[in-house]
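Me: I have a structure here and would like to go through some of its parts. Please keep the answers short.

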Amino acid sequence: MTPASSGNRSSAHRPGPLDPEHVLAATYALDQSYVRGLTDQLVATSGTASRLLAPATGQPLGNIPTSTPADVLSAMARAREAAKDWGLSSFAERSEVLMRLHELILDRREEIMDLICWESGKSRIHAFDEPLHVALTARYYARTLDRHLAPKRRDGVVPFLTQIEEHRTPKGVVAIISPWNYPFTMALVDGIAAIAAGNAVVSKPDHHTPLSALLGLALLEEAGLPEGVWQMVTGAGRVLGTPMIENADYVCFTGSTATGRVIARQCADRLIGCSLELGGKNPILVLRDADLDRAAEGAVRAAFSNGGQLCVSTERLYVDAEVHDEFVEKFVARTKAMRLGAGHEWGIDMGSLISAEQLTTVADHVDDAVHHGARVLAGGRARPDLGPYFYEPTILDGVTPDMACHADETFGPVISVYPFTTEDEAVDLANAGDYGLNAAVFSRDNKRARLIANRIKCGTVNINEAFSATFASLDAPMGGMRSSGIGRRQGAEGIHRYTEVQSVATQYLLRFGPHWGLTDEAYAAVMTGAVKLLTRLGRA
Ligand code: NAD
């Protein structure tokens with residue numbers, strides 16, 4: 001690619017809707033019996049369908065039936081019925097299904113990546129992250145669900161005589177609402193933890209990307225998940241979201257902060273729990289002792305993976321003034337060397353954005369910044385020559401608080417670079433704004449970097465890595481602070497959120513309350529003495 005590197009205002013390409021004549025004339029990119037095999041799994045009886053188009057080329061992919069609120073109710077009813085047996089299944093049965101899923105996903109990764117590339121327009125290398133992440137998640141919970149869920153002994157009030165255990169029971173039916181950016185991963189990983197905990201799931205993938213989610217569902221059933229345990233509906237969130245939330249026992253949502261707030265309010269009304277994985281405006285700090293080549297490579301992946309349409313991707317880059325120019329030179333050179341393209345083959349660094357709406361947001365943010373005086377160091381242009389929604393990876397300099405891209409999430413391939421002079425200033429800058437999802441610190445001094453990490457108010461912090469070290473470490477929780485969300489996926493938290501905790505106590509010999517002919521007063525005196533004795537013995 002040949003990104004513009006001038007400071008001139010970009011001539012942004014504003015796409016209209018794809019030309020219907022072109023769409024009708026084009027042949028379907030996918031075998032339609034394959035697509036029907038996938039969509040037949042949907043609970044969708046409206047008789048209406050929407051045409052799904054490949055964002056990278058505009059080619060039609062298939063017709064996707066639309067679900068209605070009534071379909072949601074029947075999906076919920078089926079899931080609730082299926083949850084009865086599944087909730088009683090042994091840990092070994094659940095674990096077997098998940099291990100088979102792990103193997104199936106790795107074996108069928110090429111098919112999965114092809115579908116993801118068609119549906120999302122991303123490059124193959126970024127599509128690969130998805131089967132990998134889902135396979136690892138399935139294996140993680142297959143191997144650890146016993147550890148996370150088995151009853152745990154707790155200390156009883158009277159040593160030896162009160163035996164108490166903490167039990168975890170499934171919530172029942174979990175509603176999962178997911179976005180389009182990682183259509184296979186986001187539609188599946190949270191549900192995998194939910195079924196591992198013995199719940200049934202009703203999920204709604206984003207309407208841009210239902211096929212990847214449906215392929216995941218087909219693989220789950222092939223792996224042995226009993227029929228009915230996972231139901232899928234598709235359509236607009238504002239139509240299907242409310243009946244999902246009104247009938248679920250727990251809601252897991254991934255998407256924008258604005259929608260997350262709506263969902264949190266609805267869950268609060270029903271007094272049901274929810275986890276909300278929301279937006280970010282993630283910072284990277286490059287300290288003066290950083291390996292600048294490593295930091296530049298990390299910054300490229302952090303900013304432009306999946307065209308920046310990644311919740312944990314970086315849009316703010318703070319560099320120590322002492323190494324700022326040297327770092328920026330390396331970062332710009334690597335960015336300009338990126339290969340853009342619409343193909344599904346390996347070797348393409350960045351693909352298309354998902355939609356006209358995303359392209360418009362990206363172009364608006366860059367245009368607004370340039371209009372208010374920012375400089376474009378790389379990129380800054382739409383690329384209609386490559387496909388309808390392509391935009392170059394873009395680096396901005398001189399961004400100020402009056403510009404939209406300063407604090408608002410772009411969710412695209414746009415990053416702003418700022419110098420800092422002290423570490424305190426860098427930490428304050430990193431913590432500015434409302435979001436708190438992910439951050440990265442580049443430094444050769446790991447101890448110092450960890451101290452800085454502790455001061456950053458983000459749910460995950462990566463040292464000498466952009467985001468993958470935390471995102472792929474499935475035994476550790478992942479999620480956002482502040483406006484980036486509530487709750488965590490992955491690790492113990494990722495499965496415990498789908499359970500109710502029940503404490504079961506068995507009392508031996510000693511009863512509570514006055515007995516053996518003791519008066520109330522004598523009973524109180526005996527109990528007080530016992531408590532003091534146990535405290536002295538260190539038993540309570
Ligand atoms: P979005 O909130 O518009 O849509 C996400 C999902 O919510 C879709 O399935 C949509 O149909 C549904 N939805 C929309 N309105 C709804 C409503 N009123 N009730 C119920 N469901 C509704 O988000 P988006 O723009 O499609 O996705 C991008 C956003 O997602 C970005 O902000 C990104 O940062 C965030 N995201 C966060 C994470 C994370 O793990 N924190 C991961 C991926 C994406």
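Me: How far apart are the end C-alpha atoms of residues 50-504?
Reply: This is a predicted model, so the value is computed from predicted positions. UniTProt's unreviewed entry lists residues 50-504 as "domain: Aldehyde dehydrogenase". The span is 44% helix and 20% strand. Its end C-alpha atoms are separated by 51 Å.

Me: Is strand S10 mostly covered or mostly open, and how many of its residues are buried?
Reply: Strand S10 is made of residues 282-286. On one side, Asn282, Ile284 and Val286 are buried, and on the other, Pro283 and Leu285 are buried. The strand is thus mostly covered, and the number of its buried residues is five of five.

Me: Which residue of S11 stands opposite Leu285?
Reply: S11 covers residues 314-320 and pairs with S10 in the parallel sense, over five bridges. With helix H11 (residues 292-304), the two strands make a right-handed β-α-β unit. Opposite Leu285 in S11 stands Tyr318.

Me: Which residue of S16 stands opposite Ile284?
Reply: S10 is also joined to strand S16, residues 438-442, by three bridges, and the two run parallel. In S16, the residue opposite Ile284 is Ala440.

Me: Why can Met527 be part of a nonpolar surface patch, and what is its relative accessible area?
Reply: Met527 is found in helix H19, residues 520-537. Together with Val157 and Phe512, Met527 makes a nonpolar surface patch of about 280 Å². A patch residue needs over 30% relative accessible area. Met527 qualifies on this count because it is partly exposed, with a relative accessible area of 31%.

How values were computed
Residues are numbered from 1 along each chain as its sequence is written. This is a predicted model: local features need pLDDT of at least 70, side-chain atom pairs count only at pLDDT 80 or more; totals for chains, interfaces and linings use all residues. Side-chain values use heavy atoms; hydrogens and water are left out. UniProt positions are given in the numbering used here, feature names are shortened, and annotations may be inferred rather than shown by experiment. Helices (H or I, at least four residues) and strands (E, at least two) are DSSP runs, numbered from the N terminus. Buried means under 20% relative accessible area, exposed over 50%, partly exposed in between (1.4 Å probe, protein chains only). Two strands pair if DSSP finds at least two bridges between them. A crossover is right-handed if, with the strands pointing away from the viewer, the path from the first strand over the helix to the second runs clockwise. Patches are made of residues with over 30% relative accessible area and no salt bridge: like charges are joined within 9 Å, nonpolar side chains (Val, Leu, Ile, Met, Phe, Trp, Tyr) within 5 Å. Accessible areas come from the Shrake-Rupley method with a 1.4 Å probe; for residues, only the protein chains shown count as cover. A salt bridge is a side-chain nitrogen of Lys or Arg within 4 Å of a carboxyl oxygen of Asp or Glu.
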